[in-house]
Amino acid sequence: MLLLAVDTATPAVTAALHDGVSVIAESSRVDARRHGELLLPAVDRVLAAAGVKLDSVTAVVTGVGPGPYTGLRVGLVTAASFGSALGVPVYGLCTLDGLAHASGLDEPFVVATDARRKEVYWARYANARERVGEPAVDRPADIAESLAGLPAVGAGALLYPDAFPDARDPEYVSAGALASLAAEKLARGEEFLPPLPLYLRRPDAQVPKNYKVVTPK
């Protein structure tokens with residue numbers, strides 16, 4: 001087994017290789033505006049670090065979000081392209097689940113990432129491997145009371161300390177954590193999400209109201 005994992009749902013552009021036992025190479029760089037420029041070089045770096053070629057990959061793992069539209073689609077399109085070119089399966093994982101897995105927490109907690117517009121993408125967890133309910137997007141103040149007393153991981157928690165006073169690392173998801181989670185799920189025969197974007201809300205860019213289509217005569 002050789003899993004190639006990628007994620008661009010957060011400002012972290014991250015790629016990793018997992019051989020079924022452990023992560024053998026990983027590259028991450030935080031830059032919210034350059035997902036498209038940084039992802040393929042990151043993949044090249046992990047392949048070079050592991051001393052393998054792309055055609056050795058047996059499956060691709062991609063974070064499906066939730067995340068902003070522009071960044072999120074970079075990782076998904078890249079994963080789909082690799083899967084098609086190599087003829088290997090592409091597995092989707094919730095990006096928040098990757099953060100949860102990396103936390104290693106064995107108690108109830110929350111994962112929160114920055115959703116912009118003064119909101120967070122978030123989900124509640126029973127432990128590092130068990131999510132409780134579906135991911136959501138909300139203003140931190142609107143969910144603070146219901147989540148009171150719970151530790152929180154992720155950039156969203158660090159960004160809003162009033163709502164998440166017990167904020168902890170990791171700040172961003174790592175492809176290594178996604179790959180490790182995927183390897184565990186494959187070993188247990190568990191299902192994956194389809195490699196499709198989990199946006200939770202409409203893109204920032206929208207067609208203006210009362211927009212008129214002008215066609216040439």
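# Notebook: two sheets, a helix and some spaces

I began at the end of α3, where Gly104 follows the helix with a positive phi, near 70°. The model I am reading is a predicted one.

**Entry 1, helix α3.** I looked up how much of α3 is covered. Eight of its nine residues are buried, so the helix is largely enclosed by the rest of the structure. I listed the buried ones as Thr95, Leu96, Asp97, Gly98, Leu99, Ala100, His101 and Ser103. Next I checked what α3 (95–103) lies against. It crosses β6 (109–116), β7, β8 and β9 (152–153), and runs at about 135° to β6.

**Entry 2, the sheet under α3.** I took down the strand order as β8-β7-β6-β9-β10, an open sheet of five strands with mixed pairing. At its edges I found β8 and β10 (167–168), each of which pairs on one side only. I then followed the pairing of β7 (residues 119–127) with β8: the two run antiparallel and are joined by six bridges. Across this pair, Tyr125 faces Arg131 of β8.

**Entry 3, the second largest pocket.** Arg131 came up again when I turned to the pockets. The second largest has a volume of about 290 Å³. I counted 18 lining residues, and those closest to the centre are Leu93, Asp97, Arg131, Lys185 and Glu191. Which elements supply at least two residues each to this lining? I noted β5 (90–93), α3 (95–103), β8 (130–138) and α6 (175–188). By class, the lining has eight nonpolar residues, two polar and eight charged. Asp97, one of the residues closest to the pocket centre, is also among the buried residues of α3.

**Entry 4, the other sheet.** I recorded a second five-stranded open sheet, ordered β3-β2-β1-β4-β5, again with mixed pairing. Its edge strands are β3 and β5; each has a single partner strand, so one side of each is left without a neighbour in the sheet. From one strand to the next the twist averages 15°. I also looked for a helix on this sheet. α6 packs there, touching β1, β2, β3, β4 and β5, and its direction makes about 130° with that of β1. α6 is also one of the elements that supply at least two residues to the lining of the pocket in Entry 3.

**Entry 5, strand β1.** I asked myself how many of the residues of β1 (residues 3–7) are buried. The count is five of five. Both faces are covered, with Leu3, Ala5 and Asp7 buried on one side and Leu4 and Val6 on the other. I then went through its partners. β1 and β2 (residues 12–18) run antiparallel, joined by five bridges, and a hairpin of four residues connects them. Asp7 stands opposite Thr14 of β2. With β4 (residues 59–63) the pairing is parallel, through four bridges, and here Ala5 stands opposite Val61. I continued outward to β4 and β5, which are also parallel and joined by four bridges. In that pair Val60 stands opposite Val90 of β5.

**Entry 6, two single residues.** I looked at Asp31 first. It sits in the loop between β3 (23–30) and α1 (35–50). Is this loop residue buried or exposed? The cut-off for buried is under 20% relative accessible area, and Asp31 counts as buried at 19%. Beyond its neighbours within four places in sequence, I found Asp31 in contact with Pro11, Val13 and Leu38.

I did the same for Thr78, which lies in helix α2 (residues 69–86). Thr78 is buried, at 12% relative accessible area. Setting aside neighbours within four places in sequence, its contacts are Leu39 and Leu40.

**Entry 7, the enclosed space.** Last, I looked for cavities. I noted one cavity of 30 Å³ or more. The largest cavity holds about 60 Å³ of space. Its lining is made up of Ala9, Thr10, Pro11, Pro66, Gly67, Pro68, Thr113, Asp114, Tyr121, Ala155, Glu171 and Tyr172. I sorted these into seven nonpolar, three polar and two charged residues. Pro11 in this lining is also one of the contacts of Asp31 from Entry 6.

Terms used
Residues are numbered from 1 along each chain as its sequence is written. This is a predicted model: local features need pLDDT of at least 70, side-chain atom pairs count only at pLDDT 80 or more; totals for chains, interfaces and linings use all residues. Side-chain values use heavy atoms; hydrogens and water are left out. On a 1 Å grid over the protein atoms alone, a cavity is a set of points where a 1.4 Å probe fits but cannot get out, and a pocket is an open set with protein on both sides within 12 Å along at least five of seven lines; lining residues have an atom within 4 Å of a point. Grid points are joined across faces, edges and corners, and a volume is the space filled by probe spheres set on the points. Ala, Val, Leu, Ile, Met, Phe, Trp, Tyr, Cys and Pro count as nonpolar, Asp, Glu, Lys and Arg as charged, and the others, Gly among them, as polar. Buried means under 20% relative accessible area, exposed over 50%, partly exposed in between (1.4 Å probe, protein chains only). Two strands pair if DSSP finds at least two bridges between them. Contact means heavy atoms within 4.5 Å. Axes are lines fitted to C-alpha atoms, for helices over the stretch in contact, and angles run from 0 to 180 degrees between N-to-C directions.
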